[in-house]
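Please open the structure in your viewer and keep the selection tool at hand, since this tour moves from one selection to the next.

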Amino acid sequence: MASGAVTVPLRDLEKIRLYVTDKKEALTASQVRKRTGADVVVNGPLFDPERWVPNCDVKADGKVLNDDPYTYRGLGWNSGEGKFRIAVSGEMESYDNFISGVLLLWQGKPYPYHADAAVSRRSGRTVLLGLTDGSYLLRCFPDGALGMTPGELQRALLREFPAADWALMLDGGGSVQLSQEGEAYLYSPRRVHNYLCFWRKREADGCPYPEPTALVRQGSSGDGARWVQWQLRRHGGDLAVDGSFGAESQRTLRAFQQAYGLTADGICGPATRARLRMAREEKTLRSVLFAAASQIGVQESPTGSNRVKYNTAYYGREVSGKSYPWCVTYLWWVFRQAGLGLYRTASCTAFVEHYRRKSPERVLKGDYRPGDIVFFDFTGKRAKTVHVGIVERVGADGTLTTIEGNTGTLSDANGGAVMRRTRKPGLVTCGVRPSYPGT
């Protein structure tokens, strides 16, 4: 059970579905995800647990589940589609599906909401946000210290998500649940009336940009650059598809080429295009090494702050300060980006202890190989685990080439950057070998 807030980006959706449960066979979010095969499942709008009906206007797969006399602004969509439309409840008949809740943001500004005492209390929350680029975010957090009133949440969303166009608050409190591929967050064991299910697109044949015939390199622009950027994102890269092939795009392309055995020159020619066209090799070691290497050069900002996107993704909000070292959260981000789950912790010690308890056969004391996660004691005593990296290559003499977050030339364990490092095996306290598919 997770204790922090979680923010889940939802881009390139294949379809959205409102899954309605039967009270006699009510399911958790994780059970719904297992049954439907959805990538992400979250609890839906407010409902009455005694009568087992929604409290606001809701329609699922053409069936109206509640239609009260009030007018709500909500979200409509047709079955099999992956995009919401902002609508009012009077337009519910125009869509196969419709959900309403408490609208907190509209057109990037605070929206005057109305909520009774039960909804207005400070509690855990589930929020769906629509961004100005057409993608969505889920923001979920449990009851307790993270709880907010709708007003507090409205102000927090304005501050933390400036690109939000709208934000709809769904059910909250003890109903908050989230389950996603590779890692599951089940804040509450409560069974709820309905869940929102999301399926992500998986294949490349939906690319909206024409494949280039000329070389794409740093300085290229236009649809050819967008095609390369779009394909790199599909394979797990984290870069903008803006048609301007700059230093970040070149770095990501080089990381892809190196991970897949191509000439790592940062130039996209016929051989690289052919590899980009291929269906993504989901959840493989190469995907992880590509995601890790694509981040080399990223630094926290400002220096010494621990403010970095990997922490933002892990904690669900922007954090800073000495309490948030990020060498482990960087690896968590890398595995998530590659489509694999990794034990959720920000602590090197907690990570190793988890594997010692649950999978001791995966804890290593030598014979490391690419993809292994290795923990360091820079005193050479091999007694502590103060830092972590992932093995990219192993030299003939046993020297490890690693990719590490929060390292640097002035501080191995708290240097503030993602870097490729060369490490002597005598500095490694132990390693953990994740379970890669096909290995």
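Before the first stop, it helps to know that a helix axis here is a line fitted to C-alpha atoms over the stretch in contact, and that the angle between two axes runs from 0 to 180 degrees between their N-to-C directions. Please also keep in mind that this is a predicted model.

**First stop: α5 and α7**

Select residues 247-259, which form helix α5, together with residues 285-293, which form helix α7; their axes come within 8 Å and cross at roughly 150 degrees. Angles over 145 degrees count as roughly antiparallel, and α5 and α7 are therefore roughly antiparallel to each other. The crossing in which α5 passes α7 is right-handed. To see where the two helices touch, show the side chains of Thr 252, Ala 255, Phe 256 and Ala 259 in α5, which meet Arg 286, Phe 290 and Ala 293 in α7. Sorted by class, this contact of α5 with α7 has five nonpolar residues, one polar residue and one charged residue.

**Second stop: α4 and α5**

Keep α5 selected and add helix α4, residues 223-234; the axes of these two helices come within 11 Å and cross at roughly 55 degrees. How do α4 and α5 lie to each other? They are oblique, and α4 passes α5 in a left-handed crossing. On the α4 side the contact is made by Val 228, Gln 229 and Leu 232, while α5 brings Ser 249, Thr 252, Leu 253 and Phe 256. By class, the contact of α4 with α5 has four nonpolar residues, three polar ones and no charged ones.

**Third stop: a pocket**

Now select Leu 46, Cys 56, Val 102, Ala 115 and Val 119, which, of the 32 residues lining the second largest pocket, lie nearest its centre. The volume of this second largest pocket is about 770 Å³. The elements that give two or more residues to its lining are β4 (47-48), β11 (102-106), α2 (117-120) and β15 (164-172), and the largest share, three residues, comes from β15. Colour the lining by class, and it divides into 16 nonpolar, nine polar and seven charged residues.

**Last stop: two places in loops**

Go next to Pro 302, in the loop between α7 and α8 (309-315), and look at the peptide bond from Ser 301 to Pro 302, which is cis, with omega near 0 degrees. Finally, select Asp 367, in the loop between β19 (363-364) and β20 (373-376); the phi of Asp 367 is near 55 degrees, a positive value in a residue other than glycine.

Terms used: Residues numbered from 1 in each chain as written. Predicted model: local features only at pLDDT ≥ 70, side-chain atom pairs only at ≥ 80, totals over all residues. Heavy atoms only, no water. Helix = DSSP H or I, 4+ residues; strand = E, 2+ residues; numbered from the N terminus. Parallel < 35°, antiparallel > 145°, perpendicular 65-115°, else oblique. Left-handed = near helix turned anticlockwise from the far one by under 90°. Contact = heavy atoms within 4.5 Å. Nonpolar A, V, L, I, M, F, W, Y, C, P; charged D, E, K, R; others polar. 1 Å grid on protein atoms, 1.4 Å probe; cavity = no way out; pocket = protein on both sides within 12 Å on 5 of 7 lines; lining within 4 Å. Points joined across faces, edges and corners; volume = space filled by probe spheres on them.
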